[in-house]
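I opened my notebook to look at one structure. My plan was to take the contact between chains, then the hollow spaces, then the salt bridges.

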Amino acid sequence: MSEKSFFLSSSIGKKISMGLTGLFLISFLIVHVSVNSCIFINDGGITFNAAAHFMATNPLIRLIEIGLFAGLILHIIFALLLTLENKKARPIGYEKINGSANSNWYSRSMGILGSLLLIFLVVHLAHFWIDTKIAVFTGKADKHNTFNEMKEVFSNWYIVALYLIGVGSLLFHILHGFQSAFQTLGLNHKKYTPIIKKIGLWFSIIVCLLFASMPVAIFTELIK
Amino acid sequence: MSQGNMNLTLKVWKQKNKNEKGRFETFDAKGISPDMSFLEMFDVVNEHLISSGKEPIAFDHDCREGICGMCSMYINGRPHGPKQGVTTCQLHMRSFKDGDTIVVEPWRSAAFPVIKDLAVDRSSFDRIMASGGFVSINTGNAKDANNILIPKYDADDAFNAAACIGCGACVAACKNSSAMLFVSAKVSQLALLPQGKIEKRDRVLNMVKQMDEEGFGNCTNTGACEAECPKSISLENIARMNREYLKASLT
Ligand code: SF4
Ligand code: FES
């Protein structure tokens, strides 16, 4: 006989939720990086603004946006719950730990990387998302020029530096998170796991390089 | 034991009992042979302590050949010390240098309370086993060996999972004190075989529930357990248990 415990209160249930929300958030990155890459056309932001306008006003995208925030909040809540439990599981720590002997530093630092990402995200939303929202809700979406806003924000070297730290945290967070999600969902296979790890590696590198090059290109005025 | 030529300093966790607050104490290990095992080095230190009227250092050990899993020692920041795929009793002093200072700590986990010094209470593992780590069929007479056909791959995987000696190094190594590698090895060794398939649903639900109740942490897939496991139990077992648990929860 088994007494089933509530799926989401079990350790594996919470882990699976972390993995699923994580993969969902990763899928958003693909959209985000694609839309933003329009700035590389270097046409004074015409293509980019059109894409940004579509993303800000399309009703379907609006709906998905709500799901995105829900996924983000769930990801954070489960992370906090799991971290608290993990802290409780080892009340007295070790005097000497040789972590690098058995695991990658970034796999052991998901909490710190995630927290850095969250701080970055708040700043990032304050820079772009809030203004866009205000423009949409006051009916000024047509006049809102996200590209100009980008140029303004990225004229500050310390903001560019902050974005680079944010993107760097993202890189290592998904470098571990991507393959970790598949392991949590039960997919560990001699043939497929090395492929998943490779995809995760190249995905993190490509997406983060693209993201990082945006503030840098605007700051250095390669893109005008 | 031949008199050796290594002199070491040990920084060892001393704790009277479960309730007392422990602390580190420093001991000299003199005349150690590089051919001694780590436990034999402790024997030498303890004999000196006893002959000078002091209390010896308490540590767990039994088989001293890497099969019982008792010799729990967290040595210089790693369970079972610097070598891969060995237990503390299989670790030799030649892995250290003359003059080294070695830090020795007990497994650290809320689910493994310290009994005394380096000895910890791992009965939480027993309770997980009792919750589902068995096959409850009436076996009757021994059947013909080929009566139940088992694919070679499954037999190999089950055998590899069954190599787990329940030492707890996975928990000790894990930054979250997670017992997933141990529990997944036990779930796998039975779920892979026909005799264990019958109860596989209840088994995984019950064992994970017991694991959570014992206060182990949650796995974040750092892979430290697999790297430190003296029996090289694979992370594939954890993925298998996640699958089994998901399936069992959905049905
Ligand atoms: S999985 Fe490995 S480290 Fe964990 S208890 Fe079993 S043998 Fe020890
Ligand atoms: S004493 Fe038995 S495994 Fe080390």
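**Entry: the contact**

How many salt bridges are there between chain A and chain B? I looked this up and found 2 salt bridges between the two chains. I note at once that the model is predicted. I picked out one of the pairs: Glu95(A) with Lys11(B). Their closest N and O atoms are 2.9 Å apart. I then turned to polar contacts and counted 29 residue pairs between chain A and chain B, with both residues at pLDDT 80 or more.

Which helices of chain A each supply at least two residues of the side that touches chain B? I wrote down helix H1 (11-36), helix H3 (59-88) and helix H6 (157-184). H1(A) gives the largest share, 5 residues. I sorted this side of chain A by class and got 13 nonpolar, 17 polar and 10 charged residues.

Next I took the contact as a whole. Chain A puts in 40 residues, and chain B puts in 53 residues. The area buried between the chains comes to about 3,900 Å². Carbon and sulfur atoms give 50% of that area.

**Entry: the second largest pocket**

I moved on to the second largest pocket. About 390 Å³ of space lies in it. I listed the residues closest to its centre: Gln179(A), Lys197(A), Asn221(B), Thr222(B) and Leu235(B). They belong to a lining of 21 residues. So far, then, both chains appear in my list for this pocket.

Which element gives the most to this lining? I found H6(A), with 5 residues. Both H6 and helix H7 (192-219) of chain A supply at least two residues here. By class, I have 7 nonpolar, 12 polar and 2 charged residues in the lining.

**Entry: cavities**

How many cavities of 30 Å³ or more does a search of the whole structure find? My note says 3.

I took the largest cavity, with a volume of about 100 Å³. Its lining holds 15 residues. Nearest its centre I found Cys174(B), Ser178(B), Cys219(B), Thr222(B) and Cys225(B). Helix H5 (180-191) and helix H8 (224-228) of chain B are the elements that give two or more residues to this lining. The classes are 9 nonpolar, 6 polar and no charged residues. I marked Thr222(B) twice, as it is also on my list for the second largest pocket.

The second largest cavity has a volume of about 80 Å³. I counted 15 residues in its lining. Which of them lie nearest its centre? I wrote Cys164(B), Cys167(B), Cys170(B), Cys229(B) and Ile233(B). Helix H4 (169-173) and H5 of chain B each supply at least two lining residues. The largest share, 3 residues, comes from H5(B). I sorted this lining into 12 nonpolar, 2 polar and 1 charged.

**Entry: salt bridges over all chains**

I closed with the salt bridges of the whole structure. Over all chains I have 20 of them. One that I looked up is within chain A, where the side chains of Glu65(A) and Lys133(A) meet at 2.8 Å, N to O. Where do these two residues sit? Glu65(A) is in helix H3 of chain A, and Lys133(A) is in helix H4 (residues 110-137) of chain A. The two are 68 residues apart, and the pair links distant parts of the chain.

Key: Residues numbered from 1 in each chain as written. Chains lettered and ligands numbered in written order. Predicted model: local features only at pLDDT ≥ 70, side-chain atom pairs only at ≥ 80, totals over all residues. Heavy atoms only, no water. Contact = heavy atoms within 4.5 Å. Buried area = accessible area lost by both parts, 1.4 Å probe. Salt bridge = Lys/Arg side-chain N within 4 Å of Asp/Glu carboxyl O. Polar contact = N/O pair within 3.5 Å; in protein donor to acceptor, adjacent residues only side chain to side chain. Helix = DSSP H or I, 4+ residues; strand = E, 2+ residues; numbered from the N terminus. Nonpolar A, V, L, I, M, F, W, Y, C, P; charged D, E, K, R; others polar. 1 Å grid on protein atoms, 1.4 Å probe; cavity = no way out; pocket = protein on both sides within 12 Å on 5 of 7 lines; lining within 4 Å. Points joined across faces, edges and corners; volume = space filled by probe spheres on them.
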